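Colleague: I would like a close look at a single part of this protein, namely its interior. Could you take me through what is packed there, and begin with the chain as a whole?

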Amino acid sequence: MMFGVNGMLAKRILDYLIAIPLIILVAPLWLLIVIWIRWDSPGAAIFHQTRVGRGGKPFTIYKFRTMVLDADEAMRQRIEKLKADDRFDPESFVFQEKDDPRITASGRFLRRTSLDELPQLMNILNGTMSVVGPRPEVPEIASEYTEEQRGRLDMPPGITGLAQVNGRSDLTLGETIAYDLEYIRTWTFARDLRILLKTVVVIFHGR
């Protein structure tokens, strides 16, 4: 099934059916997480960052903060230094090393359970994200896309997706992009439902 107007409408209906009830259900948990993050390390509980969405349009993504302050700037400097040294390889780049020291104690739990993604329900409501889709990329990486890789921007980015249920942070950037392009080329509404079910299984097993 080709992704077009009908596909977009189907995804938006699914988005609202999932996001609105979830926001209501997790409101008390949201408050507890905020308190825990603030107690665990200095800084705001909600992390926001510019990402690239559908059609290459930048937007602000929201997550619970799982890293120490200035971790985002450290990553940006790492990417820029690799570019300056002509050593940046998008195919093999890995965002997070094992036992990343930037991740806080609360952050490790939130990431393992995917609870850090809850604030993105607000991104779904404002239309910048979908429940299922390719992961939204930072501008520093998106600017290096090849023509083929720019196809990753043909669909609204998602909280979960084909890459997230097939390796997530264990994948290289090249592998993640390949999964996202496959998802877009072969999109069906039924596949979105299967990815959602598999996401629940992955979260339950702490992967």
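Modeller: In this predicted model, 72% of the contacts in the protein with a separation of 6 or more are made by residues 24 or more positions apart. Of the 207 residues in the protein, 46% are buried. The protein has seven helices and four strands, and along the sequence these follow the pattern α-β-β-α-α-α-β-α-β-α-α.

With that as background, the interior itself can be described. The largest nonpolar core has 28 residues, and those with the most contacts inside it are I33, F64, L118 and Y183. Two or more residues of this core come from each of α1 (5-40), β2 (58-64), α4 (120-125), β3 (130-132), α6 (173-185) and α7 (189-204), and α1 gives the most, with six residues. Taking F64 as a point of reference, and leaving aside its neighbours within four places in sequence, one finds it in contact with W30, I33, V34, I37, A45, I46, F47, L110, L115, D116, L118 and P119. Apart from the largest core lies another one, of nine residues, among them I141, A142, L173 and L181.

L110, one of the contacts of F64, leads to helix α3 (residues 105-113), whose buried residues are S106, G107, L110 and R111. These cover an arc of only 130° around the axis, which puts them on the same side of α3. As a general point, an α-helix has 3.6 residues a turn, so residues three or four places apart point the same way. Just after α3, S114 takes a positive phi of about 65°.

Y183, which is among the residues with the most contacts inside the largest core, is also touched by R191, as are L162, E182 and T186, not counting residues up to four places away in sequence. R191 is placed in helix α7, and it counts as buried because its relative accessibility is 16%, where the cut-off for buried is under 20%.

Finally, there is the question of empty space. A search of the whole structure finds one cavity of 30 Å³ or more, and the largest cavity has a volume of about 50 Å³. Its lining is made up of 13 residues, of which V52, R135, P136, R152 and L153 lie nearest its centre. By character, the residues of that lining divide into eight nonpolar, one polar and four charged.

Methods: Residues are numbered from 1 along each chain as its sequence is written. This is a predicted model: local features need pLDDT of at least 70, side-chain atom pairs count only at pLDDT 80 or more; totals for chains, interfaces and linings use all residues. Side-chain values use heavy atoms; hydrogens and water are left out. A nonpolar core is a set of buried Ala, Val, Leu, Ile, Met, Phe, Trp, Tyr and Cys residues joined through side-chain atoms within 4.5 Å. Buried means under 20% relative accessible area, exposed over 50%, partly exposed in between (1.4 Å probe, protein chains only). Contact means heavy atoms within 4.5 Å. The arc is that of the directions from the helix axis to the C-beta atoms. On a 1 Å grid over the protein atoms alone, a cavity is a set of points where a 1.4 Å probe fits but cannot get out, and a pocket is an open set with protein on both sides within 12 Å along at least five of seven lines; lining residues have an atom within 4 Å of a point. Grid points are joined across faces, edges and corners, and a volume is the space filled by probe spheres set on the points. Ala, Val, Leu, Ile, Met, Phe, Trp, Tyr, Cys and Pro count as nonpolar, Asp, Glu, Lys and Arg as charged, and the others, Gly among them, as polar.
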